Amino acid sequence: MNALSQLDEATHRAPEDKLYQTLSALAKRLPDDPVTKNLVTSVLAAAKFGHKESVLERIQRCKAVLRSAETNAQSTLLHRVKKGGAIALLPTAELLAVMEKTKAALHIIGHAASSVPSTVYEPLAARQAVKNADMVIVPVIAITSEKVISPIGAELLVELANNRGIPAYAFATGFQFTRHLEAVPGIAKNCYVAHGRQKRCVATYESISPNKVSIISELGIFSHARFIDELSHAYPWLWV
């Protein structure tokens, strides 16, 4: 949303005949995550025609659609979580904030401050967390037609859930879809660095096999393949 605010300010300041160039230059300085990239692409498409009014309308439309997507994705997640259930969770601040609205028992992997009663596990104790859970929920960095990219540790939780026969879900919005995985920060970079005579793995993201996890989003709860199909109808401009 911050990127859209910056584009809004730049649109107001830019001369009409320099609008596309101004916004294009700003776009290069904005974050490279899929959500920002998708929003920027939509705004720049409107800017090509050089009319401020249409660009400002597109920015407001993007804000509204993104806000709706986030709200509906959260509603889908909250509807799926059973009261009194137990959730093994790889947290982000956003995902944890949503889960705290439930009455589920949270089994959190890693260190995360929660305002509700929960059990926190060291990463090496992830198996124990999953043993105590009815389902696993992991966050998403990006989704492609072939992969689900999540923070490091998510793949292990999903595999543990599959082995136990409990559902595994990736929480996302359609705006996290990308056709250009190489543009996602950290994905294409070498995840090993020299450390004396050793190499140290510094990977922060990993790929989850799409057939091992279902996607919870504003579109509903679907398999990866069905999610991609629904996405092509809901946001056809993501394929432009």
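**Figure 1. Helices α3, α4 and α5 contribute to the lining of the largest pocket in this predicted model.** Each of α3 (34-47), α4 (52-80) and α5 (93-99) provides at least two lining residues. The volume of the largest pocket is about 410 Å³. Its lining comprises 18 residues, of which Val35, Glu94, Val140, Ile141 and Gln176 are the closest to the centre. Sorted by class, the lining holds 11 nonpolar, four polar and three charged residues.

**Figure 2. Seven strands form an open sheet with mixed pairing.** The strand order is β3-β2-β1-β4-β7-β11-β12. The edges are occupied by β3 (118-121) and β12 (220-223); each has a single partner strand, so one side of each is left without a neighbour in the sheet. From one strand to the next, the twist averages 25°.

**Figure 3. Strand β1 pairs in the parallel sense with β2 and with β4.** Strand β1 spans residues 86-89 and is joined to β2 by four bridges. The pairing of β1 with β4 (residues 135-139) involves three bridges. Leu89 takes part in both pairings: its bridge partner in β2 is Ile108, and its bridge partner in β4 is Ile137. Strand β2 covers residues 105-109, and four of its five residues are buried, so β2 is largely enclosed by the rest of the structure.

**Figure 4. Helices α4 and α8 lie across strands of the seven-stranded sheet.** Helix α4 lies across β4, β7, β11 (214-217) and β12. The angle at which α4 runs to β11 is about 120°. Helix α8, formed by residues 224-234, lies across β11 and β12. Relative to β12, α8 runs at about 120°.

**Figure 5. Thr173 is a buried loop residue.** Thr173 is located in the loop between β7 (168-171) and β8 (192-195). With a relative accessible area of 8%, Thr173 falls under the 20% limit and is therefore classed as buried. Leaving aside residues up to four places away in sequence, Thr173 touches Ala69, Glu70, Ala73, Ser217, Glu218 and Phe227.

**Figure 6. Strands β5, β6 and β10 form an open antiparallel sheet.** The three strands follow the order β5-β6-β10. Strands β5 and β10 are the edge strands, each pairing on one side only. Between β5 (residues 142-143) and β6 (residues 148-151), two bridges define an antiparallel pairing. The connection from β5 to β6 is a hairpin through four residues.

**Figure 7. Residue-level pairing links β6 to β5 and to β10.** Strand β6 pairs with β10 (residues 205-208) in the antiparallel sense over four bridges. Ile149 of β6 stands opposite Ala142, and the bridge partner of Ile149 in β10 is Ser207. For Ser150, the bridge partner in β10 is Glu206.

**Figure 8. Helix α7 lies across two strands of the three-stranded sheet.** Residues 154-164 make up α7, and the strands that α7 lies across are β6 and β10. The direction of α7 is at about 30° to β10.

Note on methods:
Residues are numbered from 1 along each chain as its sequence is written. This is a predicted model: local features need pLDDT of at least 70, side-chain atom pairs count only at pLDDT 80 or more; totals for chains, interfaces and linings use all residues. Side-chain values use heavy atoms; hydrogens and water are left out. Two strands pair if DSSP finds at least two bridges between them. On a 1 Å grid over the protein atoms alone, a cavity is a set of points where a 1.4 Å probe fits but cannot get out, and a pocket is an open set with protein on both sides within 12 Å along at least five of seven lines; lining residues have an atom within 4 Å of a point. Grid points are joined across faces, edges and corners, and a volume is the space filled by probe spheres set on the points. Ala, Val, Leu, Ile, Met, Phe, Trp, Tyr, Cys and Pro count as nonpolar, Asp, Glu, Lys and Arg as charged, and the others, Gly among them, as polar. Contact means heavy atoms within 4.5 Å. Axes are lines fitted to C-alpha atoms, for helices over the stretch in contact, and angles run from 0 to 180 degrees between N-to-C directions. Buried means under 20% relative accessible area, exposed over 50%, partly exposed in between (1.4 Å probe, protein chains only).
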